[in-house]
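Reader: I am in my first year and would like a close look at one part of this model. Please take the place where the ligand sits and go through it slowly.

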Amino acid sequence: MARWIIAIDGPAAAGKGTLARRLAAHLGLPYLDTGLLYRAVGRLVLDRGESPSDAEAASRAARELRPTDLARSDLRGPEADAAAAAVASVPGVRAALLNFQHDFGAGQGAVLDGRDIGTVVFPAADLKLFIVASPEARAHRRWLELRDRGVAVDPAEVERDIRARDAQDAARAIAPLRPADDAVVIDTTALDRDAAFAAVLEIAGERLVPGSA
Ligand code: CDP
């Protein structure tokens, strides 16, 4: 089995997770949702009654993160989103999480999704995809997801939060959200899940050379 490293980045609720999970299963590679790392660090900081934008507190939580923290059931939703984006702009947090991500990919290869996988975490990845969709489409998908989980939220508020988080992720000084120069951009605004996955498979088929990893 090839030990490819595949980086799937993009803005909030663009469908990266669904595509990454499917691609990992298709290729027989482990999958890591790196957003969970930032979400879990944000939660740890909140548990301790500290502020996610307090660099000291956030860095300490990142150093103390345990794999079981990633299985918490309260890592999604508006409060967790905001805490994740706040701790994600702290350099000490990003440094502490880098080893975990490298180790995850080092053994058998992996598919990882996030914001900076292709630019910072694995700049030499075998394949880099940058998944985008209009803010309206992304907000609608996130709203459906929340509704299915029984969380009642105002659609306009979901769109506002998504736009605010994108702006924060793109403007931060460290590892900002942007496509790597060699990433392939896929716009899923007009694509359903299967069509988006078909587009990913087509690019993977062109770019991943058997026996290259
Ligand atoms: O699922 P969604 O796209 O809404 O978010 P996520 O991928 O779980 O990421 C949550 C937050 O963590 C993002 O808004 C980023 O601030 C941060 N993050 C990051 O900075 N770098 C990553 N590789 C992954 C997430």
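Author: What follows covers the surroundings of the ligand and then one residue beside it. This is a predicted model, in which local features need pLDDT of at least 70, side-chain atom pairs count only at pLDDT 80 or more, and totals for chains, interfaces and linings use all residues. Residues are numbered from 1 along each chain as its sequence is written, and side-chain values use heavy atoms, with hydrogens and water left out.

Around the ligand there are 19 residues, counted when one of their heavy atoms lies within 4 Å of it. Those that come nearest are Arg39, Arg94, Arg142, Arg165 and Asp169.

Some side chains place an N or O atom beside an oxygen atom of the ligand. For Arg94 the distance is 2.8 Å, for Lys16 it is 2.9 Å, and for Arg115 it is 3.0 Å. Each is a polar contact (a pair of N or O atoms within 3.5 Å). Taken alone, the ligand exposes 530 Å², and the protein buries 97% of that; such areas come from the Shrake-Rupley method with a 1.4 Å probe.

Now take Arg142, one of the nearest residues. Arg142 belongs to helix H7, residues 135-148; a helix here is a DSSP run of H or I with at least four residues, numbered from the N terminus. Arg142 counts as buried because its relative accessibility is 14%, and buried means under 20% relative accessible area (1.4 Å probe, protein chains only). Neighbours within four places in sequence aside, Arg142 is in contact with Ala13, Arg39, Val158, Ile162 and Arg165, where contact means heavy atoms within 4.5 Å.

Technical notes
A polar contact is a pair of N or O atoms within 3.5 Å; within protein, one must be able to donate a hydrogen and the other to accept it, and residues adjacent in sequence count only if both atoms are side-chain atoms. Helices (H or I, at least four residues) and strands (E, at least two) are DSSP runs, numbered from the N terminus. Buried means under 20% relative accessible area, exposed over 50%, partly exposed in between (1.4 Å probe, protein chains only).
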